[in-house]
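Grab a pencil and try these short exercises on a protein and its ligands. Each task comes with a solution you can follow step by step.

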Amino acid sequence: MRSVVLPSGWVYQVFTLGGAHSNPLQVISFQTHSTLSLVICVDCAMGSGPSAAGPTDACAKYRKEAIMAEQKERTFIAIKPDGVQRGIIGEVIKRFETKGFKLVGMKMLHAPQDLLEEHYIDLKERPFFPTLMKYMTSGPVVAMVWEGKGAVKTGRVMLGETNPADSKPGTIRGDFCIDVSKNIIHGSDSVDSANTEIALWFKEGDLCSYSSCAASWLY
Ligand SMILES: Nc1ncnc2c1ncn2[C@@H]1O[C@H](COP(=O)(O)OP(=O)(O)OP(=O)(O)O)[C@@H](O)[C@H]1O
Ligand SMILES: Nc1ncnc2c1ncn2[C@@H]1O[C@H](COP(=O)(O)OP(=O)(O)O)[C@@H](O)[C@H]1O
């Protein structure tokens, strides 16, 4: 049996996949924080059984499913009231679309106070919280869900820093706003918060699953 030493902060888990797989497949997943980094089939990793002839069919199938799941990562993006009033909706959509992300949900709404309080629950004790609530209820917002590989992390890079003054030109906040209290757009900061925010703002039936003909040109 081969052994590996994991760098600090990494964990591994061994589990068996059944269900859709014709053969139950034991895999080891290596992770750092919540990021799935590598999944390998036990047969292939341990050099036993079918691995002598290369990856098992089940392993190859699992890898394909893992790659497809990676391409389905979703992030929650909201154009705030100032972004709507300043006519930046189209520019934001254009940037996410031309990057290659897929729009799977969108709606315009006057966000209710209780929804915003839940959304910004982590900031409840911050001194600017009342200003933030006043700002976010000052007009309609456009709530969107974008899908694609690395959508959360890349989405944050595309947005820039919380404070537009720290945001580089080329980012949305770097190009279109000046002040932290009017920073035009929100984007989820982790996969976990994206999932929470999407569930808060959208019902499952509001989101569209579809294949994009561009997928094979992107991945
Ligand atoms: N000092 C401040 N004064 C006024 N508004 C602020 C201030 N700091 C933050 N905000 C507002 O609160 C929001 C949430 O702040 P946070 O620190 O969570 O930034 P963020 O994660 O970049 O923002 P968001 O969650 O809206 O994407 C900011 O986007 C901004 O609109
Ligand atoms: N110091 C601040 N003063 C005013 N508003 C702030 C400040 N910090 C954050 N905010 C507002 O709160 C929002 C949420 O903050 P946060 O979640 O920390 O950042 P981000 O929006 O980049 O995810 C920010 O986008 C911004 O609108």
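**Exercise 1.** Which helices and strands each supply at least two residues of the lining of the second largest pocket?

*Solution.* Before you start, keep in mind that this is a predicted model.

- Step 1: Look for the helices. You should find H5 (113-119), H6 (129-136) and H9 (191-201), and each supplies at least two lining residues.
- Step 2: Add the strand E7 (185-187), which also reaches that count of at least two.
- Step 3: Pick the top contributor. That's H9, which gives the most to the lining, with four residues.

**Exercise 2.** Describe the second largest pocket by its volume and its lining.

*Solution.*

- Step 1: The volume comes out at about 710 Å³.
- Step 2: The lining has 26 residues, and the closest to the pocket's centre are Tyr120, Leu123, Phe128, Leu132 and His186.
- Step 3: Sort the lining by class, and you get nine nonpolar, nine polar and eight charged residues.

**Exercise 3.** Where does ligand 1 sit, and which residues are the closest around it?

*Solution.*

- Step 1: Ligand 1 sits in the second largest pocket.
- Step 2: H6 and E7 are the elements that give two or more residues to the shell around ligand 1.
- Step 3: In total 14 residues surround ligand 1, with Lys80, Tyr120, Thr162, Asn183 and His186 the closest.
- Step 4: By class, this shell splits into six nonpolar, five polar and three charged residues.
- Step 5: Now check side-chain N or O atoms against the oxygen atoms of ligand 1. Tyr120 has one at 2.5 Å from a ligand oxygen, Arg173 at 3.1 Å and Arg156 at 3.4 Å.
- Step 6: Finish with cover: ligand 1 has 580 Å² of accessible area on its own, and the protein covers 80% of that.

**Exercise 4.** Now do the job for ligand 2: which residues are around it?

*Solution.*

- Step 1: The second largest pocket is where ligand 2 sits.
- Step 2: List its neighbours: Lys80, Tyr120, Leu123, Phe128, Leu132, Arg156, Thr162, Arg173, Val180 and Asn183.
- Step 3: Sort this shell into five nonpolar, two polar and three charged residues.
- Step 4: Find the polar side-chain atoms facing an oxygen atom of ligand 2. Arg156 has one at 2.6 Å, Asn183 at 2.8 Å and Arg173 at 3.0 Å.
- Step 5: Ligand 2 has 520 Å² of accessible area on its own, of which the protein covers 77%.

Technical notes
Residues are numbered from 1 along each chain as its sequence is written. Chains are lettered from A and ligands numbered from 1 in the order in which they are written. This is a predicted model: local features need pLDDT of at least 70, side-chain atom pairs count only at pLDDT 80 or more; totals for chains, interfaces and linings use all residues. Side-chain values use heavy atoms; hydrogens and water are left out. A polar contact is a pair of N or O atoms within 3.5 Å; within protein, one must be able to donate a hydrogen and the other to accept it, and residues adjacent in sequence count only if both atoms are side-chain atoms. Accessible areas come from the Shrake-Rupley method with a 1.4 Å probe; for residues, only the protein chains shown count as cover. On a 1 Å grid over the protein atoms alone, a cavity is a set of points where a 1.4 Å probe fits but cannot get out, and a pocket is an open set with protein on both sides within 12 Å along at least five of seven lines; lining residues have an atom within 4 Å of a point. A molecule sits in a cavity or pocket if more than half of its atoms lie within 2 Å of its grid points. Ala, Val, Leu, Ile, Met, Phe, Trp, Tyr, Cys and Pro count as nonpolar, Asp, Glu, Lys and Arg as charged, and the others, Gly among them, as polar. Grid points are joined across faces, edges and corners, and a volume is the space filled by probe spheres set on the points. A residue is near a molecule or strand if one of its heavy atoms lies within 4 Å of it.
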